[in-house]
Structures are given as C-alpha cells and as structure tokens.
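These are my notes from going through one model, entry by entry, with the sequence open beside the coordinates. I wrote down what I looked up and what came back.

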Amino acid sequence: MNLKKYYMDLLSASLELKELIGENKIVSAYPQEIKTFPLIIFEDMNSSDVAFSDNLPEGTSAQVRIHIFSKTIKNYPKAEAIADVVRNIFRNDFWTMTSNQETPDVEDNIKHRILDFKREFYSL
C-alpha cells in the first residue's frame, strides 16, 4: 500500500479544503523553510504489518502526522479552521485522532498545528 499517495489523494479530494487553502498547498516532504502559507505537510510516521496468517501480514497499521501552517494575520485562513476540515476528512475515512498540538510563533505571526491519526487496513 502506497500510504503517501493515499494521504495525498485523501486530502486533495476535499473541495472544502481546496477552497480554504488554495491549490498546491499540500506536500509530503518537510521543506527546509516554510515560505508558503497556508501549507499542509503530511508525514508517514509509522506503518507496520499486522494480523499475520501463514507468516504473511493481512493488514497494515498506519500512523500519519499532519502539520498545518498559517499566518495569524488578516486574509489568511485560521489554522484551527484548516485543522477542523482535516479532522473531518480523516474521521470520515475511519481514522482515529491521537494527538492535537499547537505551537504558535508569535514573533513571525505563524500558527503551527500538528494532528496525529492512526488506522489499520485489512485485506479481505
């Protein structure tokens, strides 16, 4: 299972998210410096085989971390509003949110919210 493609497809399919953040604002690699706002970055935190039968896995346990960056100034969507949409996207796809953190950078007017999700996939 190509989890990076799965995450990108899941997030990119949301018209509500596109309307909120714009096009090409979802990436799968953490850049050296965040220069684009708003921006969503996803990281495949951990994936492992689960539920073995005849020494072969029958499923995958996946964990993903979503980073949301936005400015706290006028004309930028609030990081919390973006996080609400992302939470709904993952919950509607049967993911469990395991963490929700905020790390504001007051000096640069940047809000950084981090959401962690987990889910197990099984082949039938």
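**Entry 1: Tyr122.** I began with the exposure of Tyr122, working throughout from a predicted model. Tyr122 comes out as partly exposed, because its relative accessible area is 45%, and its place is in strand 5. I then looked up what Tyr122 touches, leaving aside residues up to four places away in sequence, and found Val50, Ala51, Glu58 and Gly59. I also checked Ser61, which is 61 residues from Tyr122 in sequence, while the two C-alpha atoms are 8.8 Å apart in space.

**Entry 2: His112.** I stayed in strand 5, where His112 also lies. Is His112 buried or exposed? His112 is buried, since its relative accessible area of 11% falls under the 20% cut-off. The side chain of His112 makes a polar contact with the side chain of His67, at 2.9 Å. With residues up to four places away not counted, the residues that His112 touches include His67, Ile68 and Phe69, as well as Gln101, Glu102 and Thr103. Tyr30 is another residue that His112 touches, and I come back to that tyrosine below.

**Entry 3: the chain as a whole.** I stepped back to count elements, and the protein chain has three helices and five strands, which run α-α-β-β-β-α-β-β from the N terminus on. Taken along the principal axes, the C-alpha atoms fill a box of roughly 55 × 25 × 20 Å. Of the 124 residues in the chain, 40% are buried. I also looked at how far apart in sequence the contacting residues are: among contacts with a separation of 6 or more, 58% are between residues 24 or more positions apart.

**Entry 4: helix 1.** I asked which residues of helix 1 are buried, and the list is Leu3, Tyr7, Leu10 and Leu11. These four lie on the same side of helix 1, because they cover an arc of only 90° around the axis. That spacing made me recall the general rule that an α-helix has 3.6 residues a turn, so residues three or four places apart point the same way. At the N-terminal end of helix 1 I found a cap from Asn2, with a side-chain oxygen 3.3 Å from the backbone nitrogen of Lys4.

**Entry 5: aromatic rings.** How many aromatic pairs does a search of the whole structure find? The search finds nine. I noted Tyr7 and Phe42, an edge-to-face pair at 5.7 Å centre to centre, with 70° between the planes. This pair links distant parts of the chain, as Tyr7 is in helix 1 (residues 3-12) and Phe42 in strand 2 (residues 39-53), 35 residues apart. Tyr7 counts as buried because its relative accessible area is 0%, and Phe42 is buried as well, at 1%.

The next pair I noted, Tyr30 and Phe69, is also edge-to-face, at 6.2 Å centre to centre and 80° between the planes. Tyr30 is in the loop between strand 1 (26-27) and strand 2, whereas Phe69 is in strand 3 (residues 56-71), so this pair too links distant parts of the chain, 39 residues apart. The two partners differ in burial: Tyr30 is partly exposed at 41%, while Phe69 counts as buried at 6% relative accessibility.

I then followed ring pairs onward and arrived at a cluster that links Tyr6, Tyr7, Phe42, Phe90, Trp95, Phe117 and Phe121. On a separate check for charges over rings, I found the charged end of Lys71 sitting over the ring of Phe37, 4.8 Å from its centre.

**Entry 6: nonpolar cores.** The largest nonpolar core has 24 residues, and those with the most contacts inside it are Leu11, Leu17, Ile40, Ile66, Val86 and Phe90. Two or more residues come from each of helix 1, helix 2 (15-21), strand 2, strand 3, helix 3 (79-92) and strand 5 (110-122). Helix 3 gives the most, with seven residues.

I looked up Ile66 in particular: beyond four places in sequence, its contacts include Leu11, Ile40, Phe42, Val86, Phe90 and Phe117, and Arg113 is also among them. A second, separate core has six residues, including Ile34, Leu39, Ile41 and Phe69.

Definitions and conventions:
Residues numbered from 1 in each chain as written. Heavy atoms only, no water. Phe/Tyr/Trp six-rings, centres within 6.5 Å; stacked < 30°, edge-to-face > 60°. Buried < 20%, exposed > 50% of the residue type's maximum accessible area, 1.4 Å probe, protein only. Lys NZ or Arg CZ within 6 Å of the ring centre and 35° of its normal. Arc of directions from axis to C-beta. Polar contact = N/O pair within 3.5 Å; in protein donor to acceptor, adjacent residues only side chain to side chain. Core = buried A, V, L, I, M, F, W, Y, C linked by side-chain atoms within 4.5 Å. Contact = heavy atoms within 4.5 Å.
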